[in-house]
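Work through the exercises below with the structure open. Each task is followed by a stepwise solution.

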Amino acid sequence: MSDDTPALPTNAPHPNEDSKPFWDAAAEGRFALQHCDDCDTVIWWPRALCPACSSFDLTWYDASGNGRVYSYTVVHRSVGGWNAVTPYVVAYVELDEGPRVMTNIVDCDPDAVSIDAPVRVVFHDTGEGWALPRFTLA
Amino acid sequence: MSIRGRAYIAGAYEHPGRHLPDQSLMEIHARVCVGALADAGLTMTDVDAYFGAGDSPGLGPLSMMEYLGIGATYMDSTELGGSAYLAHVNHAAAAIAAGKCRVALVSLAGKPRTGGRPPGGGGGSSAPEADFENLWGNTVVSAYAMAARRHMHEYGTTSEQLAAIKVAASVHAQHNPDAMLQDVVTVSEVIESPLIADPLHRLDCCVITDGGGAVVVVSPEVAADLERHCVPVLGAGEAPKHTNNGRIDLTHTGAVWSGPLAFAEAGVSRNDVDYVSIYDSFTITVLQTLEDLGFCEKGKGGGFVSDGMLQAPDGGLPFNTDGGGLCNNHPGNRGGMTKIIEAVRQLRGEANPAVQVPDCEVALAHGTGGSLAGRMGSVTLIMGREI
Ligand SMILES: [Zn+2]
């Protein structure tokens, strides 16, 4: 990150019973996903049952942290603390494991982002023991 | 069993105000409810069903029913964001067809221009998706911008084509003295307006207004006793569209499912539709919805909306003749109610004369509540001049 690029607001999540394993993993630098033991579906976002087959037998595993940009936008006008860090990039990244996850693309010129660009996860510490998964151009 | 011809919209009223710092949210509800009932030739004592969405202050529909003095045999607080009111008409028609009520009142009010709640259609911090969508600085505009970007990538849609939608809305709004924005704009002016979230410009976005609206849905028996032209409900369809377990497709809306349901129930085809009210939170919302409703092939919306197709009275498919959310009014950041109201005006022949569609016999109103880049409630409502 260049010196003149302000850091994005990095606010702590509010883990619940469904999502705590995800955030615990993120705090350790891992992007965790759930997998259905009964129908092999990869699940996003975290939940107690498989939305494809209603099974409650789900297993957490570590994803590769790699993906591609499915879509993105460069935000020029925003709200709250985000208005001070424009322009920044909000994106849907399609993970190699399948799910499309909303995130930021960071550490690059926003104009360098494009659909299908390969990206890799990075974790930004919130300062309260949690970390947010963002992505950089690979 | 269907709702076709089994319920009528007897009254419709849009608050003329766009900035209402001196009226409470409750007063705005009250004024549009009384206005819609007066339009129908009814009073509050005739009402036996009330429908209120998330903008109704208090406990579900109950607090506003108390405020308004409504006794009822039926009540509904379906919340879908801005499309809720179209669902309410569908639910009211079903309830009337089932004999549960005879006179249903549906109201919307909001004050985002005065201040208070920020614009948005989100699910709040307790929503299961909250931490996965709320921590990235994703605004309402940036969400729709991601949908626009993906549509451009897959189909070659351009900013100029999206701008043509705003131009058509502005051409209509110049005839509406209540409209927030009454100046006709050009494609260049849209594209040269500031980028809010690339590729969406300020003029790709709807207005932010205070205000509200209400409609009264009645049984055929009640309609027959009223002098007012009552507009029959021909059919309706509803569908959720969401992120689909992480496989979100940003290039379409839930109209791909709600549309066919509504057309089938109404017994009409796309070629029968004379006028459309299309939810227009952003230009991209209109473009995707027109494709999804089948008015053009998927991906061809950009070409379809160019060359004046949407402009009344001579375009092939006149839309949002009040100026829509893009220019006229988006009360409470919820555009569904005004979509119904302008469709009713067209079917009654009471739109602004410069934009009245000649011989308007079938009108379609479509709502997109929530977000194109998350979850939305899609509702399609088809109405006729007569049954
Ligand atoms: Zn499963």
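**Exercise 1.** Find which residues B:Thr368 is in contact with, leaving aside neighbours within four places in sequence. Then place B:Thr368 in its secondary structure and decide whether it is buried or exposed.

*Solution.* The model is predicted.
- Step 1: list the contacts. B:Thr368 meets B:Ser83, B:Tyr279, B:Thr285, B:Thr289, B:Met376 and B:Gly377.
- Step 2: locate the residue. B:Thr368 sits in strand β10 of chain B, residues 362-370.
- Step 3: classify it. The relative accessibility of B:Thr368 is 1%. Buried means under 20%, so B:Thr368 counts as buried.
- Step 4: take a distance. B:Val256 is 112 residues from B:Thr368 along the chain, and their C-alpha atoms are 12 Å apart.

**Exercise 2.** Describe the site of the zinc ion: which protein donors does it have, and what is the geometry?

*Solution.*
- Step 1: name the donors. They are the SG atoms of A:Cys36, A:Cys39, A:Cys50 and A:Cys53, lying 2.3 Å from the zinc ion.
- Step 2: check the angles. The 4 donor atoms give angles of 104 to 114°. The tetrahedral test requires all angles between 85 and 135 degrees, so the site is tetrahedral.
- Step 3: read the spacing. In sequence the donor residues follow C-x2-C-x10-C-x2-C.
- Step 4: see what is linked. A:Cys36 belongs to strand β1 (residues 32-36) of chain A, while A:Cys50 lies in the loop between β2 (42-43) and β3 (58-62). The pair is 14 residues apart and links distant parts of the chain.
- Step 5: check burial. A:Cys36 and A:Cys50 are both buried.

**Exercise 3.** Identify the largest nonpolar core and the residues with the most contacts inside it.

*Solution.*
- Step 1: size it. The largest nonpolar core has 91 residues, and A:Phe31 and B:Phe295 have the most contacts inside it.
- Step 2: find the main contributor. Helix α5 of chain B (residues 140-155) supplies the largest share of this core, 8 residues.
- Step 3: inspect one hub. Beyond four places in sequence, B:Phe295 touches B:Phe263, B:Arg270, B:Val273, B:Val276, B:Leu290, B:Phe304, B:Leu317 and B:Leu364.
- Step 4: look for another core. One of 39 residues lies apart, including B:Ile96 and B:Val215.

**Exercise 4.** Work out how compact chain B is for its length.

*Solution.*
- Step 1: count elements. Chain B has 13 helices and 11 strands.
- Step 2: compare radii. Its radius of gyration is 19 Å, close to the 21 Å from the globule rule for 387 residues, so chain B is as compact as a globular protein of that length.
- Step 3: add burial. Of the 387 residues of chain B, 64% count as buried.

Key. Residues are numbered from 1 along each chain as its sequence is written. Chains are lettered from A and ligands numbered from 1 in the order in which they are written. This is a predicted model: local features need pLDDT of at least 70, side-chain atom pairs count only at pLDDT 80 or more; totals for chains, interfaces and linings use all residues. Side-chain values use heavy atoms; hydrogens and water are left out. Donors are N, O and S atoms within 2.8 Å of the metal (3.2 Å for Na, K and Ca); water is not among the atoms, so sites may look incomplete. Four donors count as tetrahedral if all angles lie between 85 and 135 degrees; four count as square planar and six as octahedral if opposite donors are over 155 degrees apart and all others between 65 and 115; anything else is irregular. Helices (H or I, at least four residues) and strands (E, at least two) are DSSP runs, numbered from the N terminus. Buried means under 20% relative accessible area, exposed over 50%, partly exposed in between (1.4 Å probe, protein chains only). A nonpolar core is a set of buried Ala, Val, Leu, Ile, Met, Phe, Trp, Tyr and Cys residues joined through side-chain atoms within 4.5 Å. Contact means heavy atoms within 4.5 Å. The radius of gyration is taken over C-alpha atoms; the globule rule is 2.2 Å times the number of residues to the power 0.38.
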